[in-house]
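Work through the exercises below with the sequence and the model open. Each task is followed by a solution in steps.

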Amino acid sequence: MNKVQTTCNYCSLACNMDFYVEDNKIKKVIPTEKYPVNKGFSCIKGLNLDKQLTSADFPKNPLLKTSNGREEISWEKAYNFFSDKLKAIIAKYGKESVACISTGQLALEEMALVGHVFRNFVGGQLDGNTRLCMATSVVAHKQSFGFDAPPYTLNDLELSNTIIFTGANPVVAHPIIWDRVRKNKNKKVIVIDVRKSETAQNADYFFCIKPKSDIILYYTIANYLIKNNWIDDNYIEKYSENFDSFKEHVSKFSIDDIEEKVGITEDEFLTLVKLIHEGNAVSFWWTMGINQSYQAVRTAQSIINLAVMTGNIGRAGTGANSITGQCNAMGSRLFSNTTGLYGGGEYTDEAKRKIVGDALGLDPAIFPTKPTLPYNVIIEKIISGEIKALWILCTNPRHSWINNTQFQEAVENLELFVVQDLYPNTDSSELAHLFLPVVSGIEKEGTLINTERRISKLNPVISKPDGTFSDFEVIYNLGKSLGMGKLLDGWETPEKVFNKMVKVTKGTPCDMTGVSYKLLENGYGVQWPFREGDILVDNERRLFENGEYYTPNKKVKFIFEDVAENPVPTNDTYPYILNTGRGTVGQWHTQTRTREITYVTDSSSANPYIYISGTLAKELDIESEDEVLVKSINGRSSRFLALTTENLPHDVLYAPIHYIETNNLTLSIYDPYSKEPSYKYAPVSIEKI
């Protein structure tokens, strides 16, 4: 048997797995023992990467919607149909009338290529579903650090003696992270959340706060630390700016208001503050509970501010550490040519445009002159009739988009809707005018960048069947059909595209000029930055150890703002708050892939369910497994099975994101800076059916 090491393309840990293959058939899958991320461990999803496109006879050829249903057509006909229709729409309505939405599940090279085809050549709008999970952290990092730079290594989880998770549930969402926590024998685990999640149940300390009160809590903590002089004056003076203004701002936040505004007692607050003060290696970790909010960027920065003012950054076991969602969200953030130029540059920076143009062998005039319209504006412009064509790659917005019925309404306005995916039967694929089938990640080549900035190799484990294509090949062939000609020279293979992207990073914070496919074949991955001429000594490296940031004056910025008023509070008709998140370890996003894993389907509910506190259930005469109707302030309603729990506050409900019924209820509200949707708060009512 041959052994092939490759990277899991589910979550942001991007674990490595060893596949044992004989006669082009996978015999067994084992976590890679030496890989620095997962060190021989894996969740159920990684162990079942071979369970994709196995449960049905899926088409090899594209599907075109006709009056009689869907007709299987040749690839040549599909490319011609797509390109002719797209060009006709542009000719009639202009370049602003076409849009594309990609995904953090694509390889870096595929993202770069679709950015070249759809932004550079077509001139359309191109955003990614990473907007739904990581846009907040990107903006927070850029504004505070001067660059989108998560500073940590996963090893910091084993070196920290005070680990604080806010709005994060790694026991379910990132089991590899929780494994690292478990291996740390000298730590206190603190969870701040609106519900007693699986991680909270395993923590040393749990602080149950009111929904969306995080920013008030962190400003109040900052004020208390400053008043008691429990801060690192030396670090603040040498490496930061704007602290005096921040100090004045947080002076308005008093411990006297903590119970009313945040929901924890003064004693609980003092316990939390002392834990931060007494820890000599404090690490702050957050994910979607922070990112998906109507004031998300400033909340993330309130965490960054705490880490900086206490000197808990740039040292082993410390950091203000955002945990990414998807396997290549970091690749999307830097190399998709959407919100900024390849390698993290601004479209308005003429010097950067020339550098990227020279590196890619392109006239800089071809690059966009401004960031793409964000995801929410793309949908709004489809509804208003301004955008007429949409191409989505390996994402499922009919299910995952906030207030998701709105997406279905948007699709009805499109003259061209193309879906590229593994499966023809996702909620979005079934709406498409044209469906383009592609192969899974275990049949293609490329690279992924994980949550700790680690670049790793995606290797083909088995040969793809004749007549089938990878995302890269479909994007490239579409570019040819659109008439790109010589503009595709040097973009023919993933490795060639990777080498181009490496060139554009020269001299940037994410410098990858010392990385090559050959180096990545060593099986350890490489964290950026890794410059040409660097020698790989340590497999795990953190940023800001020298106190220098990526801002013009090399200092980290204290950024803050008054607490925003909740745009849609609860009322007498909708008195309860719907919170959303992961269900079980095995379920992933909209369950298009994990539904093929028998273990997952056996251990999770086929029916949508919602958690309700025991006290509220008793008040409303609801028992476990009763069918309930949940109505949202957005005017829609969904049916669920109710499950009673003691892990929720009286007025909070919790529904997993893996069911289409959940995002039927969420609201079209976004952070003003990141435009990330506010998935975690929707006023609702609930009644037994």
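**Exercise 1: a salt bridge across the chain**

In this predicted model, glutamate 540 and arginine 180 form a salt bridge, with the closest N and O atoms 3.8 Å apart.

Task: State where glutamate 540 and arginine 180 lie, and what the pair ties together.

Solution.
Step 1. Glutamate 540 is in the loop between strand 19 and strand 20, and arginine 180 is in helix 7.
Step 2. These parts are 360 residues apart in sequence, so the pair ties together distant positions of the numbering.
Step 3. Buried means under 20% relative accessible area. Glutamate 540 has 15%, so it is buried. Arginine 180 has 2%, so it is buried as well.

**Exercise 2: a salt bridge within one helix**

Task: Find how far apart lysine 183 and aspartate 179 are in helix 7, and decide whether each one is buried or partly exposed.

Solution.
Step 1. Both residues belong to helix 7 (residues 175–183) and are four residues apart, about one turn of the helix.
Step 2. Their closest N and O atoms are 3.2 Å apart, and the two form a salt bridge. The cut-off is within 4 Å.
Step 3. Lysine 183 has a relative accessibility of 37% and therefore counts as partly exposed. Aspartate 179, at 8%, counts as buried.

**Exercise 3: a second long link, and a network**

Task: Locate the two partners of the salt bridge between glutamate 561 and arginine 298, then name the residues that shared partners join into one network.

Solution.
Step 1. The side chains of glutamate 561 and arginine 298 meet at 3.2 Å, N to O.
Step 2. Glutamate 561 sits in the loop between strand 20 and strand 21 (576–581), while arginine 298 sits in helix 15 (residues 296–309), 263 residues away in the chain.
Step 3. Glutamate 561 is partly exposed at 27%, whereas arginine 298 is buried at 8%.
Step 4. The network consists of Lys39, Glu158, Arg180 and Glu540, joined by salt bridges that share partners.
Step 5. In the whole structure, a search finds 29 salt bridges.

**Exercise 4: a three-stranded sheet**

Task: Give the strand order of the open sheet that contains strands 17, 18 and 19, and name its edge strands.

Solution.
Step 1. The order is 17-18-19, with antiparallel pairing.
Step 2. Strand 17 (446–449) and strand 19 (526–527) each pair on one side only, which makes them the edge strands.
Step 3. Strand 17 is joined to strand 18 (residues 454–458) by four bridges. Isoleucine 449 has isoleucine 455 in strand 18 as its bridge partner.

Key. Residues are numbered from 1 along each chain as its sequence is written. This is a predicted model: local features need pLDDT of at least 70, side-chain atom pairs count only at pLDDT 80 or more; totals for chains, interfaces and linings use all residues. Side-chain values use heavy atoms; hydrogens and water are left out. Two strands pair if DSSP finds at least two bridges between them. Helices (H or I, at least four residues) and strands (E, at least two) are DSSP runs, numbered from the N terminus. Buried means under 20% relative accessible area, exposed over 50%, partly exposed in between (1.4 Å probe, protein chains only).
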